[in-house]
Amino acid sequence: MGFVTFGEIMLRLTPSSRGNRLVLADSFSVGYAGAESNVAISLACLGNQVDFISKVPNNPMGKAALLGLNKFGVATDNTLVGGKRLGTYFIEHGSSIRPSRVEYDRLGSSISEITLGEFEWKTILKDKEWLHLSGITPALSDQCAEETVLAAQVAKKMGVKVSFDLNFRRTLWSNTNTAKRIFNQIIHHSDLIFGNLGVLGDVYGVTFDGKNSLERTKNAIFKASSLFGKDHMVFTIRDHLSASKNRLQGIAYSKGEIFISKPYDVQIEDRFGTGDAFAAAYLHATSKGWEASRAIEFATCAFALKHTL
């Protein structure tokens, strides 16, 4: 038994000098990351068997990305090698009143140009417990959208549970109606949904009442459960005190009950990948049979801790 995640891993470049602007940087720190690969690494760090499925080019950057996963114990045996290039993204860390910024250069990446049927999902998912997907991968191309839906369909038929993170990147979608249509197909086959207020508003046009973010999220998670017909949903809550300090909380809806974690105020070293750490921790806890009340506390702790790394 174990986990499978499917998505894009990219070359991550950050100005070497902390707080430097992208336009002024003359050197960059190199890393390799992506939503689903982040989840895979976090799950592996928690002691789980994890397979990461993707496609990377046959060049030093592609090989380095796979080595970066392997060193944490993530298996990449079923990741395909081929295509033209590894996607790249540039991060400008925010500070105080200046927000963080991300610039993507991923057009024509190896995974975006996959063809339907390249992945043997019945083989990949054999004897697995969970398949984790996100809303980023289906936004990369029509082929990626079809493959993500197919993976969810096959998993459901095989009795493999599906978790879906409603990640929405405005710059990757031509319009929200397309995102909604594809998200709904994946949600139909999903057992666990991760999300937040932003995606429900952006993609589904859901509005929320409440005097603070916790009240609005409680109302939103009930609406989302009714909208999607799902009884297991988990949301993060983030209050931006500044670009350097956030207040964090987690909320889970499971079988008609709401469970809310303790809040955490964090000084931010790096906020990228924090939602992925949250998802991985909750998946880990759920796979161990923990009660939702314990699982949401554990996931929120991981969410908060990842901000310091």
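This report walks through a predicted model, starting from helix α8 and its packing partners and then turning to another helix pair and a few individual residues.

**Helix α8**

A good place to begin is α8, which runs over residues 274-287. This helix has 14 residues, and its first and last C-alpha atoms are 20 Å apart, close to the 20 Å expected at 1.5 Å a residue. How many of its residues are buried? Twelve of the 14 are, so α8 is largely enclosed by the rest of the structure. The buried set takes in Thr274, Asp276, Ala277, Phe278, Ala279, Ala280, Ala281, Tyr282, Leu283, His284, Ala285 and Ser287. Just after the helix comes Gly289, whose phi is positive, at about 80°.

**Two neighbours of α8**

Helix α9 covers residues 292-306 and packs against α8 at an angle of about 150°, the two axes lying 8 Å apart. Since angles over 145 degrees count as roughly antiparallel, that is how α8 is placed relative to α9. The crossing of this pair is right-handed. On the α8 side, the contact is made by Thr274, Gly275, Ala277, Phe278, Ala281, Tyr282, His284 and Ala285. On the α9 side, the partners are Ala292, Ala295, Ile296, Phe298, Ala299, Thr300, Ala302, Phe303 and Lys306. Sorted by class, this contact holds twelve nonpolar, four polar and one charged residues.

Helix α1, residues 35-45, is another partner: its axis and that of α8 come within 8 Å and cross at roughly 45°. The two helices are therefore oblique to each other, and their crossing is right-handed. From α1, the residues Ala35, Asn38, Val39, Ser42 and Leu43 meet Asp276, Ala277, Ala279, Ala280, Leu283 and His284 of α8. The residues of this contact divide into seven nonpolar, three polar and one charged.

It helps to recall a bit of helix geometry here. An α-helix has 3.6 residues a turn, so residues three or four places apart point the same way. With that in mind, you may like to trace the α8 residues that meet α1, among them Asp276, Ala280 and Leu283, and those that meet α9, including Thr274, Ala281 and Ala285. Ala277 and His284 appear in the contact with α1 and also in the contact with α9.

**The α5 and α6 pair**

Elsewhere in the chain, helix α5 (residues 176-188) and helix α6 (residues 197-204) have axes that come within 9 Å and cross at roughly 120°. Are they parallel, antiparallel, perpendicular or oblique? They are oblique to each other. Thr176, Ala179, Lys180, Phe183, Asn184 and Ile187 of α5 are in contact with Val199, Asp202, Val203 and Tyr204 of α6. This contact has six nonpolar, two polar and two charged residues.

Here are the helix pairs discussed so far, side by side.

| Helix pair | Angle between axes | Axis distance |
|---|---|---|
| α8 and α9 | about 150° | 8 Å apart |
| α1 and α8 | roughly 45° | within 8 Å |
| α5 and α6 | roughly 120° | within 9 Å |

**Individual residues**

Let us move on to some single positions. Ala33 sits in strand β3, residues 28-33. With a relative accessible area of 10%, Ala33 is buried. Beyond its neighbours within four places in sequence, Ala33 is in contact with Glu8, Ile9, Met10, Asn38 and Tyr89. One of these, Asn38, is also among the α1 residues that meet α8. Ala33 and Thr88 are 55 residues apart in sequence, while their C-alpha atoms are 9.5 Å apart in space.

The loop between α3 (121-124) and β9 (130-134) contains Asp127, and Lys128 is found in that loop too. Which of the two is buried, and which is exposed? Asp127 is exposed, with a relative accessible area of 55%, whereas Lys128 is buried at 15%. Asp127 also has a positive phi, near 65°, in a residue other than glycine. Setting aside neighbours within four places in sequence, Lys128 is in contact with Met1, Gly2, Val4, Gln49, Asp51 and Val160. Lys128 is 27 residues from Ala155 in sequence and 9.1 Å from it in space, C-alpha to C-alpha.

Lys255 is another non-glycine residue with a positive phi, near 55°. Its place is the loop between β13 (245-254) and β14 (257-260), and its relative accessibility of 72% makes it exposed.

How values were computed:
Residues are numbered from 1 along each chain as its sequence is written. This is a predicted model: local features need pLDDT of at least 70, side-chain atom pairs count only at pLDDT 80 or more; totals for chains, interfaces and linings use all residues. Side-chain values use heavy atoms; hydrogens and water are left out. Helices (H or I, at least four residues) and strands (E, at least two) are DSSP runs, numbered from the N terminus. The expected span of a helix is 1.5 Å times one less than its number of residues. Buried means under 20% relative accessible area, exposed over 50%, partly exposed in between (1.4 Å probe, protein chains only). Axes are lines fitted to C-alpha atoms, for helices over the stretch in contact, and angles run from 0 to 180 degrees between N-to-C directions. Angles under 35 degrees count as roughly parallel, over 145 as roughly antiparallel, 65 to 115 as roughly perpendicular and the rest as oblique. A crossing is left-handed if the near helix is turned anticlockwise from the far one by less than a right angle, and right-handed if clockwise. Contact means heavy atoms within 4.5 Å. Ala, Val, Leu, Ile, Met, Phe, Trp, Tyr, Cys and Pro count as nonpolar, Asp, Glu, Lys and Arg as charged, and the others, Gly among them, as polar.
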